[in-house]
Structure formats: structure tokens, C-alpha cells
Amino acid sequence: MIFFLTFAPQFYYSMKQTVLSGIRPTGNLHLGNYFGALRNFIKMQHEYNCYFFIADYHSLTTHPTPANIQGNVKQVIAEYLAAGLDPELCTLYVQSDVPEVAELYLYLNMNAYIGELERCTSFKDKIRAQPQNVNAGLLTYPTLMAADILIHRAHKVPVGKDQEQHLEMTRTFGNRFNRMYKVDYFPEPVAFNFGETLIKIPGLNGSGKMGKSEGEGNAIFLADTAEEIRKKVMKAVTDSGPTAENQEKPEAIQNLFQLMSVVSNPDTLAYFDEQYNKCAIRYGDMKKQLAEDMIVFVQPFSEKIAEILKDEAYIIKVADQGKEKARESASKTIKEVREIIGFRKI
Ligand code: TRP
């Protein structure tokens with residue numbers, strides 16, 4: 001009986017599937033990130049063996065001489081902690097703290113073919129964006145990402161559509177490794193959204209989704225102050241108003257209603273919807289209300305972020321703890337991979 005009790009927790013732990021996702025090391029989480037990804041990460045950490053890491057090696061492919069990489073990494077850690085990632089439940093780590101990733105990247109590069117790397121859409125986009133710096137790291141971005149995933153032999157990878165091709169390549173590389181060395185070692189990782197339909201968060205400039213690179217004032221950041229939020233929301237794109245009752249809403253207006261539906265209470269939303277349908281809507285009033293409701297939503301986050309950023313020792317402790325846990329799993333994989341390939345034990 002005693003044996004069973006002491007054995008059981010580990011047993012259950014190892015039965016959990018592994019979830020892994022990488023985060024770009026550019027701070028400033030916005031509402032789109034929160035509703036699009038982070039909120040699911042927070043739920044997943046209770047049910048899966050989760051690894052979330054800050055992809056700082058990857059950032060060198062586009063920014064080889066980063067100005068303040070450690071500052072950025074700390075900002076990202078603070079924002080993810082403030083949003084609800086719990087270092088006791090998940091493993092939150094910095095990619096460059098786990099050099100085993102670089103070793104696996106080396107092995108995977110030996111069976112990734114130039115042709116398939118060149119055909120990758122993100123590579124084609126990047127060489128157009130930075131023709132003066134088409135470095136080998138850019139070409140092998142997908143093998144580095146595969147190394148990130150395979151190093152923990154992850155099963156599920158919560159990523160958006162734009163990362164589907166990278167994930168497909170990860171499966172190709174993992175399967176090819178298995179085939180070449182006649183082993184059944186790496187599982188096939190699949191995209192994962194925790195069975196929820198992700199809420200799309202539009203931006204404030206009239207069209208498209210909320211994004212950091214979609215222009216000044218388009219995104220509401222979790223670190224924004226009340227004043228910044230007011231300013232951005234009051235500047236949001238609208239039109240001259242409906243001309244007929246129950247008219248369909250153009251995109252810019254639909255976007256404001258969509259934002260209101262996530263931060264305001266349903267009565268508020270219903271009130272402005274009714275005003276719109278009666279052609280009595282005053283966008284200024286609607287924006288004022290939206291701004292105030294957004295402030296109420298964002299403030300706990302921005303306060304928490306500021307509080308965590310003040311406690312640098314805590315951020316470092318979290319990163320160190322993540323590093324320990326991540327390296328434990330990564331070094332086990334590397335040891336096994338070295339054995340499979342046939343290298344000497346070190
Ligand atoms: N490429 C991802 C992005 O641009 C970030 C990333 C790096 C990642 N390694 C990963 C995501 C591994 C999932 C798994 O957003």
C-alpha cells in the first residue's frame with residue numbers, strides 16, 4: 001500500500017501527454033495573444049505536462065545582434081506569469097538556457113534537405129523581407145523549431161495556422177529520424193487548440209486582426225496604462241453611422257462590437273446593438289464605454305506585470321527553475337539520441 005501511494009503520483013505524471021509551445025521574445029502581449037493562445041495555455045497546464053519557452057535562439061535569425069535580449073526575455077516572462085502561467089504547474093524556460101536543443105538541431109540538420117527547407121513559405125517570406133541577410137539559420141529555422149518540439153518528445157503543439165507548415169516539417173524530420181535509425185523514438189506532434197474555437201480579436205484600425213505590427217494604435221497591450229487604452233480606443237476607426245434600421249455592420253463597426261463582446265457585460269453590448277439597429281448610435285459613447293471596460297479588464301494584468309518586473313530575483317528564480325526542469329527532460333532525449341546514432345556515451 002505504501003509502495004502504491006508513493007509510486008502513484010509519478011506514474012500519473014508520466015501518463016500525461018506533453019504539450020509544448022514557443023513564444024517569440026518580443027514583449028508586449030496584447031489582447032489578441034491573450035484570447036488567441038495564452039488563455040488556452042493557462043487551462044492546459046492543469047491537464048498536460050506543459051513546456052512553454054521563449055525562443056531567443058530563433059530571434060537571431062532575424063536580429064543577429066540583439067540590443068537587449070535579456071531585458072526582452074524578462075519582460076516576456078513577467079507578462080506570461082502575470083497572465084496566469086504557473087511555474088509550479090508548467091515548465092517555463094528560456095530556449096538558450098537549454099543547449100541540448102542546439103545539439104539536437106545539429107543532428108536534425110543532417111537529415112533535412114536543402115530543397116524542402118527552401119520551399120518553406122516562411123523562408124520565402126523572410127528572404128523577401130531581409131534580402132541582405134539570408135543566413136543559414138533562416139533556412140534552418142524549421143529544424144530548430146523541430147528540435148524544440150522533439151527535444152521533449154512533445155505530442156501536442158498549440159500554434160496558429162501560420163505555424164502549420166513548420167509542424168508538418170517537424171513530423172517529417174522526426175519520422176525520417178525514426179526511419180533512418182530504425183527506431184520508433186519520436187512521436188508525431190500535432191497542432192492543438194484544446195478543443196475550443198479560438199476567439200478572434202480584431203484590431204482597432206478598421207480591418208484585420210489585432211497585431212503588434214499592424215500599425216500604431218491597433219493593439220491593446222496587457223501592459224497598457226488606462227490613459228493609453230483610452231487614447232487608442234477613442235481613435236478607433238468608425239464610419240458616419242448606419243443609414244437604415246437593422247443594417248448590416250461594416251467591418252470596422254463589427255470589430256468594435258466584437259471587442260465589446262469580450263470585455264463588456266452582455267447588457268452593455270445589447271444596449272449598443274439596439275442603438276445601432278435604431279440608427280441612434282453615438283460611436284463616441286460606445287468607445288468611451290468600451291475603453292472603460294477594457295481598462296477594467298486589462299488593469300489587473302498591467303498591475304501584475306509591473307509588480308513582477310520590480311522583483312527581478314523572482315523572474316530569475318522562475319527562469320532557473322524552468323531551466324532545471326527543461327534540461328532534465330532534454331538531456332535524457334539527447335543521451336538517447338546519441339545512443340541511437342551510435343556516438344560514445346559522454
Ligand atoms: N515559430 C514560432 C512562432 O513564430 C515560435 C516557435 C519556435 C515555436 N519554436 C517553437 C512554436 C516550437 C511552437 C513550438 O510563433
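Which element gives the most to the shell around the ligand? That's H9, with 4 residues. Keep in mind that this is a predicted model, where local features need pLDDT of at least 70, side-chain atom pairs count only at pLDDT 80 or more, and totals for chains, interfaces and linings use all residues. Numbering runs from 1 along each chain as its sequence is written, and side-chain values use heavy atoms, with hydrogens and water left out.

**Around the ligand**
- The ligand has 14 residues around it (a heavy atom within 4 Å), and Gly-22, Arg-24, Tyr-141, Asp-148 and Gln-163 come nearest.
- A polar side-chain atom of Arg-24 sits 3.0 Å from a ligand oxygen.
- Ligand nitrogen atoms also have partners: one is 2.7 Å from a polar side-chain atom of Asp-148, and a nitrogen is 2.9 Å from a side-chain N or O atom of Gln-163.
- The protein covers 94% of the 370 Å² of accessible area (Shrake-Rupley, 1.4 Å probe) that the ligand has on its own.
- Strand S1 (18-23) and helix H9 (141-150) are the elements giving two or more residues to this shell; they are DSSP runs numbered from the N terminus (helices H or I, at least four residues; strands E, at least two).

**Helix H4**
- H4 covers residues 69-83, 15 in total, and reaches 21 Å from its first C-alpha to its last, close to the 21 Å expected at 1.5 Å a residue (1.5 Å times one less than the number of residues).
- Its buried residues (under 20% relative accessible area, 1.4 Å probe, protein chains only) include Val-73, Val-76, Ile-77 and Tyr-80.
- Just after H4, Gly-84 takes a positive phi of about 130°.

Conventions: A polar contact is a pair of N or O atoms within 3.5 Å; within protein, one must be able to donate a hydrogen and the other to accept it, and residues adjacent in sequence count only if both atoms are side-chain atoms. Buried means under 20% relative accessible area, exposed over 50%, partly exposed in between (1.4 Å probe, protein chains only).
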